[in-house]
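Work through the exercises below with the sequence and the structure open. Each task is followed by a solution in steps.

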Amino acid sequence: MTFKEVSYNDLYNFHLTLWLPEDETKTISLLAYNDTDEPIGFVCILGSSIEVVEVFEYYQNNGYGKELVEYAKEYILNKYDYVTLDPIENWLIPFYENLGFHSTLKYKDNLSEFPTMKYEL
């Protein structure tokens with residue numbers, strides 16, 4: 001897998017209808033490509049936080065999500081001693097725990113309670 005830093009607007013070229021971080025000027029967006037140079041997903045990073053991890057539907061369940069998170073962790077750990085993220089679904093918590101993250105704090109939205117997860121060196 002290879003990664004290319006792209007602009008915030010480039011992500012919209014993929015007709016994405018998902019949440020993206022609001023502060024596009026500080027967000028680093030990395031588009032991932034498979035071995036045949038097809039875009040398979042992306043990750044958005046803001047400071048020490050992984051804001052968004054998305055694997056395009058056709059490529060899901062092939063281990064690409066893990067690769068995206070591992071790449072983002074390495075990218076962030078070049079500048080920080082820790083990585084944080086907020087899983088948007090509770091079923092994602094074991095996935096992130098398998099990648100070395102642990103729950104630190106909890107926050108609530110209107111419907112659910114979610115942990116903030118952290119990975120530390």
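## Exercises on a predicted model

K73 and E70 both lie in helix 2, three residues apart, which is about one turn of the helix. The model is a predicted one.

**Exercise 1. Find the salt bridges and state how accessible their residues are.**

Step 1. Salt bridges in the model number two. Side chains of opposite charge can pair when their charged atoms come close.

Step 2. Take the helix 2 pair. K73 bridges to E70, with 3.3 Å between the closest N and O atoms.

Step 3. Check the accessibility of each partner. K73 is buried because its relative accessibility, 4%, falls under 20%. E70 has a relative accessible area of 24% and is partly exposed.

Step 4. Take the other pair. E120 and K118 form a salt bridge through their side chains, at 3.8 Å from N to O. E120 is partly exposed at 43% relative accessible area, and K118 is partly exposed at 23%.

**Exercise 2. Describe the order of secondary structure and the confidence of the model.**

Step 1. The chain holds three helices and seven strands. Along the sequence they follow the pattern β-α-β-β-β-α-β-α-β-β.

Step 2. The mean pLDDT of the chain is 85, and 80% of the residues reach 70 or more.

Step 3. Confidence is highest in helix 2, at a mean of 96, and lowest in helix 1 (residues 8-12), at 72. Where pLDDT is low, the predicted coordinates should not be read in detail.

**Exercise 3. Decide whether strand 2 is enclosed or open, and identify the strands that pair with it.**

Step 1. Count the buried residues. In strand 2, six of the six residues are buried, so the strand is largely enclosed by the rest of the structure.

Step 2. Sort the side chains by direction. In a regular strand the side chains alternate between the two faces of the sheet. Here I28, L30 and A32 point one way, S29, L31 and Y33 point the other way, and all are buried.

Step 3. Look at the pairing with strand 1. Strand 1 and strand 2 are antiparallel and share five bridges. F3 is opposite A32 of strand 2.

Step 4. Look at the pairing with strand 3. Strand 2 and strand 3 also run antiparallel, joined by six bridges. L31 has F42 in strand 3 as its bridge partner. The two strands make a hairpin with five residues between them, and D37 in the turn has a positive phi of about 65°.

**Exercise 4. Locate the largest nonpolar core and trace the surroundings of one of its residues.**

Step 1. The largest nonpolar core contains 31 residues, and L31, F42, I45, I50, Y96 and F101 have the most contacts inside it.

Step 2. Assign the core to elements. Those that each supply at least two residues include strand 1 (2-6), strand 2 (28-33), strand 3 (39-46), strand 4 (49-55), helix 2 (64-77), strand 5 (82-85) and helix 3 (93-98).

Step 3. Follow I45. Beyond its neighbours within four places in sequence, I45 contacts K26, T27, I28, L30, A72, Y75 and I76.

**Exercise 5. Give the overall figures for burial, contacts and surface.**

Step 1. Of the 121 residues in the chain, 40% are buried.

Step 2. Among contacts with a separation of 6 or more, 49% are between residues 24 or more positions apart.

Step 3. The chain exposes about 7600 Å², of which carbon and sulfur atoms supply 47%.

Note on methods. Residues numbered from 1 in each chain as written. Heavy atoms only, no water. Core = buried A, V, L, I, M, F, W, Y, C linked by side-chain atoms within 4.5 Å. Buried < 20%, exposed > 50% of the residue type's maximum accessible area, 1.4 Å probe, protein only. Helix = DSSP H or I, 4+ residues; strand = E, 2+ residues; numbered from the N terminus. Contact = heavy atoms within 4.5 Å. Salt bridge = Lys/Arg side-chain N within 4 Å of Asp/Glu carboxyl O. pLDDT = per-residue confidence, 0-100. Areas by Shrake-Rupley, 256 points an atom, 1.4 Å probe, with all protein chains shown as cover. Pairing = 2+ DSSP bridges.
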